[in-house]
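Hi,

Here is the structure I said I would pass on. Have a look at it first, and then read my notes underneath.

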Amino acid sequence: MASSRDKLPTDKPTNASGQDVAAFLAKLAAVPSPRKDGVRGRLLFGMDATASRQPTWDRACHIQAEMFTAAAGLGGLDIQLAYYRGFGEFKATPWLSDGATLQRLMGGVACLGGKTQIAKLLRHALVETKAKRINAVVFIGDAMEEDGDALCHQAGELGLLGVPLFMFHERGEPVAAETFRQMATLSGGAYCPFDAHSADALRDLLRAVAVFATGGRAALEDHSRRERGAALLLTRQLNR
């Protein structure tokens, strides 16, 4: 499969339209709810930290902190940040239970040029969830320079273990989009493109995933009644 960075730079950006958001939330509504046995939710937050992501890295730092806030009071949420950058560098933080610590760690990361390492991220997710169940994996990236078939196979493995991938695709480049959509489908998750003009939609969708990972659909419905924005569309989908 071709690399998404082989495309010409004239590819048009794609933002998260209302249709994209509704489709994403409909997919989220169809994902089996996490167990509600008092165990804290666990969400792996995977990020592309190659050079092309630098302009939106700071925005992501603020967004992930809001994910903790959205999940507060629902039994708690643990998040692990995993990222790749530079020449084969892949790192993962410990599992963290507060947004301030994760935001501080993310703030110390500088994006470096290099190729994508999505396969390493997926292998890490497989190892982690076999050790202790992960409720969801969020991925934020803009490119794919690997074997798309191999990535889809790994996504399918996560799906068999009940770990959905929520793929947030910056700028919606077509080759990466095709692979990311297939990965989301095979894992039982969802795909949504975004750009600099859809930061609010991205924030709301990530908060919705965090609430889902913590408390399932019932928590999402309650969240949507208290919050406006993208999460509100989910209740409409569920009530049809």
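Below is what I found, starting with the charged pairs and ending with a pair of helices.

One thing up front: this is a predicted model, so please read everything here in that light.

**Salt bridges**

Searching the whole structure turns up 6 salt bridges. One of them joins Arg53 to Glu170, with 2.6 Å between the closest N and O atoms. Arg53 sits in the loop between β1 (41-48) and α2 (54-71), while Glu170 belongs to strand β5 (residues 165-170), so this pair ties together parts that are 117 residues apart in sequence. If you are wondering about solvent, both Arg53 and Glu170 are buried. They also don't act as an isolated pair: a network of salt bridges links Arg53, Asp142, Glu170 and Arg171.

**The β2/β3 hairpin**

Next, have a look at strand β2 (residues 77-85) and strand β3 (residues 89-92), which pair in the antiparallel sense over 4 bridges. Together β2 and β3 make a hairpin with 3 residues between them. In that turn, Gly86 has a positive phi of about 55°.

Which residue of β3 is the bridge partner of Arg85? That would be Glu89. Arg85 and Glu89 also form a salt bridge, where the closest N and O atoms are 3.0 Å apart. Arg85 is buried, and Glu89 is buried too.

Glu89 has a salt bridge with Lys91 as well, with the closest N and O atoms 3.4 Å apart. Here the surroundings change: Lys91 is partly exposed, at a relative accessible area of 42%.

**Helices α5 and α6**

Last item: how do helix α5 (residues 148-160) and helix α6 (residues 174-187) sit relative to each other? Their axes come within 7 Å and cross at roughly 25°. An angle under 35 degrees counts as roughly parallel, and α5 and α6 are therefore roughly parallel to each other. As for the hand, the α5/α6 crossing is right-handed.

If you want to pull up the contact itself, these are the residues to select:

- from α5: Gly148, Leu151, Cys152, Ala155, Gly156 and Gly159
- from α6: Thr179, Gln182, Met183, Leu186 and Ser187

That's the lot from my side. If you only have a minute, start with the Arg53 and Glu170 salt bridge, then go to the hairpin of β2 and β3, and finish on the right-handed crossing of α5 and α6.

Cheers

Key
Residues are numbered from 1 along each chain as its sequence is written. This is a predicted model: local features need pLDDT of at least 70, side-chain atom pairs count only at pLDDT 80 or more; totals for chains, interfaces and linings use all residues. Side-chain values use heavy atoms; hydrogens and water are left out. A salt bridge is a side-chain nitrogen of Lys or Arg within 4 Å of a carboxyl oxygen of Asp or Glu. Helices (H or I, at least four residues) and strands (E, at least two) are DSSP runs, numbered from the N terminus. Buried means under 20% relative accessible area, exposed over 50%, partly exposed in between (1.4 Å probe, protein chains only). Two strands pair if DSSP finds at least two bridges between them. Axes are lines fitted to C-alpha atoms, for helices over the stretch in contact, and angles run from 0 to 180 degrees between N-to-C directions. Angles under 35 degrees count as roughly parallel, over 145 as roughly antiparallel, 65 to 115 as roughly perpendicular and the rest as oblique. A crossing is left-handed if the near helix is turned anticlockwise from the far one by less than a right angle, and right-handed if clockwise. Contact means heavy atoms within 4.5 Å.
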